[in-house]
Amino acid sequence: MGSLTKVCTLEGHEDQVWCVAWNPAGSLLASCGTDKTIRIWGREGDNWVCKSVLTDGHQRTIRNVAWSPCGNYLASASFDATVCIWSRKEGEFECIATLEGHENEVKAVSWATSGSLLATCSRDKSVWIWEVTEDEDFECASVMSAHSQDVKYCTWHPSREILASCSYDNTVKLFKEEIDDWTCFATLESHESTVWKVCFDAEGHRLASVSDDKTVKIWQEYMPGNQEGVPTVGKDGTWKCVCTLSGYHDRTIFDVDWSHLTGRLVTGGGDDCIRVFREEEGSDKNQPSYNLSASVRKAHSQDINCVAWNPKVENFLASCSDDGTVKLWNYNEQDI
Amino acid sequence: MSLDNANPILYERTKERDLRPEDEDDDVEDEFDDREVFDLIRCINDPEHPLSLEELNVVDCDNVHVDDAGNRVEILFTPTIPHCSMATLIGLSIRVKLLRALPPRFKVDVKISPGTHASEDAVNKQLADKERVAAALENSHLLDVVNQCLAARPSAG
């Protein structure tokens, strides 16, 4: 078994913290929450400190933040139905655009790897794609109403222009551009309650999803002509649930993050516990096994809302909670 | 506006809890029990009648389950009629009351008593979704309505 060691606790938010996000360089961590602020944390000597506090962007809870792939922009999604784009110049953040259009709470925002597309999703059941123009303008390219309920999260594929979203309607959906509009080309059904989060692995052939049904599911992409004989339609791959991790989580799982450096999965949720899972060596691609490698009970004193691996430093991760704190952790792996 | 249930059945209020000597003793660790949590919610007002949830038998002590050591509280509430449109609001009021009154270590689940409402699963799912509850409580109109349900009535004592 491995272990998780706490590096530090970052205090400053005045209420529940909903999201933490590392910049692509792994040097800054953004956090946001009910207190309507975004905090930017960075290293100073041996300590992590709050470098800036971004206020006045939103009128209500900030639910989610995401960095652009270049690291120069931060997008924030709020219950006030808007998304703010913050530009970072000489270390200072400035709100350069406010994206309006969603009818109510925006739940998440995600930048495509190219940096030229942005996706947002909302309680209004829709997913929006925005084009980022050269002069820092944002134009709505598509509004997709494939989900029948509140859309909780959306995230881009690591290399292709494919968007994944998950919803209160218990499904995960995949979108891509076809000729001149964006369409849903796959619906992943298996969860029995709200799907809170979905994420791709480094190569983008697998997805992990977590749910109010207390399970983690691993989905595998099968391309046309696959050896396994999984049926496909057109040029698109079929995504099939190849593994369900059940029995580990006691309450709703709110977040999962797949390390693109090590392939380890980390989860956090309503049972206040952080868990790290690793794929068993030599496990069958079509029926992979994942083992619990480390867990910390009472990692926070209340629900854990988000967990995020640092994109540059292996086995280093951040978590945040309803208890108002952000914590940084080292995961120490031992060979099983 | 017409009432959902114009003639609800009235139930008797439970007696106040008898004080025991250890209740007055600061050195005795006093764990939360079913009755104490029931006392927190029984005086919540019904959204459409000038009556408490206890008087309408929406809540009763037998449907309050407290596990102090495990930091869990489960409340089952019973809408007065199976099509009660106020069920979500009543559940939300119970949730907010306990959110404010109990220490944050408690995980609170508020659900409809099985088999007592036509949209039981949908209401339960909404009440369990803390993100939607948080967003609802940022809606000032809804918060006013909830606060009215939670306000103590002089007549209720």
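## The interface between the chains

Buried area is the accessible area that two parts lose on being put together, summed over both. By that definition, chain A and chain B of this predicted model bury about 1800 Å² between them. Carbon and sulfur atoms account for 41% of that buried area. In chain A, the residues that lose the most area to chain B are Arg60(A), Tyr168(A) and Arg251(A). Together they make up 34% of what that side buries.

The interface can also be described by contacts. On one side stand 27 residues of chain A. They are in contact with 16 residues of chain B.

## Chain A: strands without helices

What secondary structure does chain A hold? It has 28 strands and zero helices. The radius of gyration of chain A is 19 Å, and the globule rule gives 20 Å for 336 residues. The two values are close, so chain A is as compact as a globular protein of that length. Its C-alpha trace spans about 55 × 50 × 30 Å along the principal axes.

Of the 336 residues in chain A, 61% count as buried. Take the contacts between residues at least 6 apart in sequence: 48% of them join residues at least 24 apart. The chain exposes about 13300 Å², with 41% of that area supplied by carbon and sulfur atoms. Chain A carries 31 positive and 52 negative charges. The mean positions of these two sets lie 5 Å apart.

## A buried residue in chain A: Phe200(A)

Phe200(A) sits in strand E18 of chain A, which covers residues 195-200. Is Phe200(A) buried or exposed? Its relative accessibility is 4%, so Phe200(A) counts as buried. The cut-off for buried is under 20%.

Which residues does Phe200(A) touch, leaving aside those up to four places away in sequence? Its contacts include Trp156(A), Trp239(A) and Trp258(A). Thr155(A), His157(A), Pro158(A) and Ala164(A) are also among them. So are Leu174(A), Arg206(A) and Leu207(A). His260(A) is another residue that Phe200(A) touches. In sequence, Phe200(A) and His260(A) are 60 residues apart. In space, their C-alpha atoms are 8.9 Å apart.

## Chain B: helices and strands

Chain B has five helices and three strands. Starting at the N terminus, its elements run α-β-β-α-β-α-α-α. The radius of gyration of chain B is 16 Å, close to the 15 Å that the globule rule gives for 157 residues, so chain B is as compact as a globular protein of that length. Along the principal axes, its C-alpha trace spans about 50 × 35 × 30 Å.

Of the 157 residues in chain B, 45% count as buried. Among contacts between residues at least 6 apart in sequence, 69% join residues at least 24 apart. Chain B exposes about 8600 Å², and carbon and sulfur atoms supply 50% of that area. There are 17 positive and 33 negative charges in chain B. Their mean positions are 5 Å apart.

## Helix H3 of chain B

Helix H3 of chain B covers residues 120-128. Which of its residues are buried? They are Glu120(B), Val123(B), Asn124(B), Lys125(B) and Leu127(B).

What do the buried residues of H3(B) pack against? Two strands of chain B take part: E2 (72-77) and E3 (107-112). Two helices do as well: H2 (87-101) and H4 (130-136).

Key
Residues numbered from 1 in each chain as written. Chains lettered and ligands numbered in written order. Predicted model: local features only at pLDDT ≥ 70, side-chain atom pairs only at ≥ 80, totals over all residues. Heavy atoms only, no water. Helix = DSSP H or I, 4+ residues; strand = E, 2+ residues; numbered from the N terminus. Rg over C-alpha atoms; globule rule 2.2 N^0.38 Å. Buried < 20%, exposed > 50% of the residue type's maximum accessible area, 1.4 Å probe, protein only. Contact = heavy atoms within 4.5 Å. Areas by Shrake-Rupley, 256 points an atom, 1.4 Å probe, with all protein chains shown as cover. Lys, Arg positive; Asp, Glu negative; His and termini not counted. Charge placed at Lys NZ, Arg CZ, Asp CG, Glu CD. Buried area = accessible area lost by both parts, 1.4 Å probe.
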